[in-house]
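Here is a walk through one protein model, taken a region at a time. Keep the structure in view and find each residue as it is named.

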Amino acid sequence: MTNSDALYWKMQNEYNAYLNDIKTKSPKEIVEAAYEITYKQDILYIFEDNDCPLSEDEIKALLSKKQPLETLYQGWLDTDVSVMEDLRYSVKETAESFAKEIAKSKTVIDKESR
């Protein structure tokens, strides 16, 4: 097993333990944890299929941490990066596309009714 694989499985086990703990919480606490659940899962996705963007030294450094997934999640929280810009772009693109489809359909219907 490579260090990358070992890191992935260590984080996967950490995530599974986290989820098992969350399942014991109240519905309100579970809802409040949704953001953390989502982003921890997204972090894990980065490490699937040997698509790890880290160097061997970086992987070893994370392997030395008791909770590498929590470490990476906290790093995410400390950044100024926001997915809101990507979400805004997606909303705008989808709405524009839908509006064009509606306009095109309306033009066809107007032509057919003449």
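Met 84 is partly exposed, because its relative accessible area is 37%, and partly exposed residues fall between the limits of 20% and 50%. The model in view is a predicted one, and this value, like the others below, is computed from it. Met 84 belongs to helix 6, which covers residues 84-112. On the surface, Met 84 joins Leu 87 and Val 91 in a nonpolar patch. Together the three residues of this patch have about 270 Å² of accessible area.

Helix 6 also holds a charged pair. Lys 92 and Glu 96 are both in helix 6, four residues apart, and that spacing is about one turn of the helix. Their side chains form a salt bridge, with a distance of 3.2 Å from N to O. Glu 96 has a relative accessibility of 30%, so it counts as partly exposed.

Other charged residues are linked in a network. Glu 36, Lys 40 and Glu 70 are joined into one network by salt bridges that share partners. What lets such residues pair? Side chains of opposite charge can do so when their charged atoms come close.

How many salt bridges does the model have? The count comes to six. One of them lies in helix 2, which runs over residues 27-32. There, Lys 28 and Glu 32 are about one helical turn apart, because four residues separate them along the helix. The side chains of Lys 28 and Glu 32 meet at 3.2 Å, N to O, in a salt bridge. Are these two residues buried or exposed? Lys 28 is exposed, and Glu 32 is exposed as well.

Lys 25 and Asp 21 make another salt bridge, in which the closest N and O atoms are 3.8 Å apart. The limit for such a pair is 4 Å, so this one is counted. Lys 25 has a relative accessible area of 32% and is therefore partly exposed. Asp 21, with 39% relative accessibility, is also partly exposed.

From the charged pairs, turn to the pockets. The largest pocket has a volume of about 200 Å³. Which residues line the largest pocket? They are Tyr 39, Asp 42, Ile 43, Ile 46, Phe 47, Pro 53, Leu 54, Leu 72 and Trp 76. Two elements give two or more residues each to this lining: helix 3 (34-47) and helix 5 (68-78). Helix 3 supplies the largest share, five residues. Sorted by class, the lining of the largest pocket has eight nonpolar residues, no polar ones and one charged residue. How is empty space of this kind found? Rolling a probe the size of a water molecule over the atoms shows where it is left.

Two of the lining residues can be followed further. Tyr 39 lies in helix 3. Its relative accessibility is 15%, and Tyr 39 therefore counts as buried, since buried means under 20%. The C-alpha atoms of Tyr 39 and Ser 55 are 22 Å apart, and the two residues are 16 residues apart along the chain.

Leu 72 is located in helix 5. With a relative accessibility of 24%, Leu 72 counts as partly exposed. Leu 72 and Val 31 are 41 residues apart along the chain, and 21 Å separates their C-alpha atoms.

Methods: Residues are numbered from 1 along each chain as its sequence is written. This is a predicted model: local features need pLDDT of at least 70, side-chain atom pairs count only at pLDDT 80 or more; totals for chains, interfaces and linings use all residues. Side-chain values use heavy atoms; hydrogens and water are left out. Patches are made of residues with over 30% relative accessible area and no salt bridge: like charges are joined within 9 Å, nonpolar side chains (Val, Leu, Ile, Met, Phe, Trp, Tyr) within 5 Å. Accessible areas come from the Shrake-Rupley method with a 1.4 Å probe; for residues, only the protein chains shown count as cover. Buried means under 20% relative accessible area, exposed over 50%, partly exposed in between (1.4 Å probe, protein chains only). On a 1 Å grid over the protein atoms alone, a cavity is a set of points where a 1.4 Å probe fits but cannot get out, and a pocket is an open set with protein on both sides within 12 Å along at least five of seven lines; lining residues have an atom within 4 Å of a point. Grid points are joined across faces, edges and corners, and a volume is the space filled by probe spheres set on the points. Ala, Val, Leu, Ile, Met, Phe, Trp, Tyr, Cys and Pro count as nonpolar, Asp, Glu, Lys and Arg as charged, and the others, Gly among them, as polar.
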